[in-house]
Amino acid sequence: MNELLIIADPQLMAERTAWLASLANERRLSEHTLDAYECDTRQFLTFLTGHLAGPATLKDIHALRPADFRAFLAARRKEGSGARSLGRNLAGLRSLLRYLEKKGLVNAAGASAVRSPKQPKSLPKPLSDRQAITMVSDEAQLHEEPWIAARDAAVFSLLYGCGLRISEALDLMPDDFSRGATTLRITGKGNKTRLVPLLTVVLEAVEKYRALCPYYLESQQPLFRGARGGKLQQAIIQRTMQKMRSAFGLPETATPHALRHSFATHLLAGGGDLRTIQELLGHASLSTTQVYTGVDSSRLLEVYDRAHPRA
C-alpha cells in the first residue's frame with residue numbers, strides 16, 4: 001500500500017479503491033478479474049510516475065492523450081508482455097476511466113481512441129486420427145450403464161463424424177433422424193441452416209443409443225437425455241471427456257470441441273476443399289475456416305521434421 005501512496009495522489013487512489021469496490025459489489029466480477037484489474041491499474045500508475053515525473057493526479061489523468069496510453073503499452077511490450085496481456089491492460093484502464101468520467105472527474109476519450117493490440121490467432125488443436133476414432137468407439141466409453149455409454153459414443157460420433165458443435169448435437173431431436181436419412185439439417189449460430197452428411201457409422205451409433213435408452217423419446221423433444229431423463233447438458237459431456245483424457249492419456253486439449261476441429265483438419269488432410277469444409281462447419285466466413293490450413297501445415301511440418309532424412 002505504501003507503494004501506491006507514492007505513485008498516485010491520495011484522491012486518485014481513493015477513487016481507484018471505490019472503483020474496485022464497485023466492480024466487486026455491483027458488477028460482481030470474479031476475484032481473479034479484480035486482481036488483474038488492480039494489477040493493471042497499479043502498473044499504469046507506476047508508469048505514469050516516471051512518465052510525468054511525479055505521482056499522478058486526477059488532473060493528470062484528465063489531460064492524458066492517446067500517445068500517453070500508447071507509450072504505456074509500448075513500455076509493457078518492451079518488458080515482455082504479449083498482445084493478450086496488453087489488451088487486458090487496456091481494458092482495465094478503460095473501465096477505470098469510464099468510472100471516473102461518469103463522476104465528471106476525467107475525460108476517457110484518450111484511452112478510447114487507442115486501438116487494442118491485435119490478438120494472435122491460436123490454432124485449433126485437433127486429435128490424431130487414432131485418438132479421435134478411440135473417442136467415438138463403444139469400447140472406449142467409461143460409464144457402466146450401457147445406455148449412457150451408448151449415448152456418449154453417439155454424441156462423440158456426431159461431433160467427429162459430422163463436425164457438429166456440442167450445442168448442435170444436444171439440440172437434435174428424434175425427428176431429425178428420419179428413416180433412410182443420409183443428411184442432417186442443422187441450425188447453427190445466427191440461425192443459419194446447413195446440411196451435413198450422415199455417415200452410416202454415426203447413424204448406427206445413434207440408433208444403438210435409441211434402442212437402449214430407457215426413456216420415451218418424443219419426436220419433438222431432445223434426443224439425448226441425462227441420467228434422470230432431462231435434456232443432456234454440455235457439462236456432462238465435458239466431464240466425460242475429462243475422464244477419458246485421464247484414462248487414455250490424452251492431452252488437455254482433448255475436449256468435445258476438439259472433435260469438431262479434428263473433423264475439419266482430417267477432411268482437409270484427406271483432400272477436402274476449404275469451401276466445402278466451410279459449409280459443413282457452418283462458418284459464415286471462409287477466413288474462419290482458413291485457420292485449419294495452418295493446422296494442417298503444422299502437422300505436415302512435424303511429420304517432415306520427424307521423418308525426413310535431410311530434416
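Which helix gives the most to the lining of the largest pocket? Let me hold that question for a moment, and say before anything else that what we are looking at is a predicted model.

I would like to begin with the packing inside the protein. The largest nonpolar core has 47 residues, and the ones with the most contacts inside it are L158, L164, L184, Y209, F224 and L259. Several elements give two or more residues to this core, among them the helices α8, α9 and α10, the strand β1, and further along the chain α11, α12, α13 and α14. The largest share comes from α9, which spans 146–162 and supplies 10 residues.

If you would like one residue to follow by eye, take Y209, which lies within α11 (200–212). Leaving aside residues up to four places away in sequence, Y209 touches W147, A150, R151 and A154, and it also touches L217, L223, F224 and R225. There is, in addition, a second core, separate from the one just described, which has 31 residues and includes A8, Y37, I61 and L90.

Now to the pocket, and to the question I left open. The largest pocket has a volume of about 350 Å³, and 19 residues line it, with S157, G161, L199, V201 and V202 lying nearest its centre. At least two residues of that lining come from each of α9, α11 and α13, and the helix that gives the most is α11, with 5 residues. As for the character of the lining, 11 of its residues are nonpolar, 5 are polar and 3 are charged.

Key
Residues are numbered from 1 along each chain as its sequence is written. This is a predicted model: local features need pLDDT of at least 70, side-chain atom pairs count only at pLDDT 80 or more; totals for chains, interfaces and linings use all residues. Side-chain values use heavy atoms; hydrogens and water are left out. A nonpolar core is a set of buried Ala, Val, Leu, Ile, Met, Phe, Trp, Tyr and Cys residues joined through side-chain atoms within 4.5 Å. Buried means under 20% relative accessible area, exposed over 50%, partly exposed in between (1.4 Å probe, protein chains only). Helices (H or I, at least four residues) and strands (E, at least two) are DSSP runs, numbered from the N terminus. Contact means heavy atoms within 4.5 Å. On a 1 Å grid over the protein atoms alone, a cavity is a set of points where a 1.4 Å probe fits but cannot get out, and a pocket is an open set with protein on both sides within 12 Å along at least five of seven lines; lining residues have an atom within 4 Å of a point. Grid points are joined across faces, edges and corners, and a volume is the space filled by probe spheres set on the points. Ala, Val, Leu, Ile, Met, Phe, Trp, Tyr, Cys and Pro count as nonpolar, Asp, Glu, Lys and Arg as charged, and the others, Gly among them, as polar.
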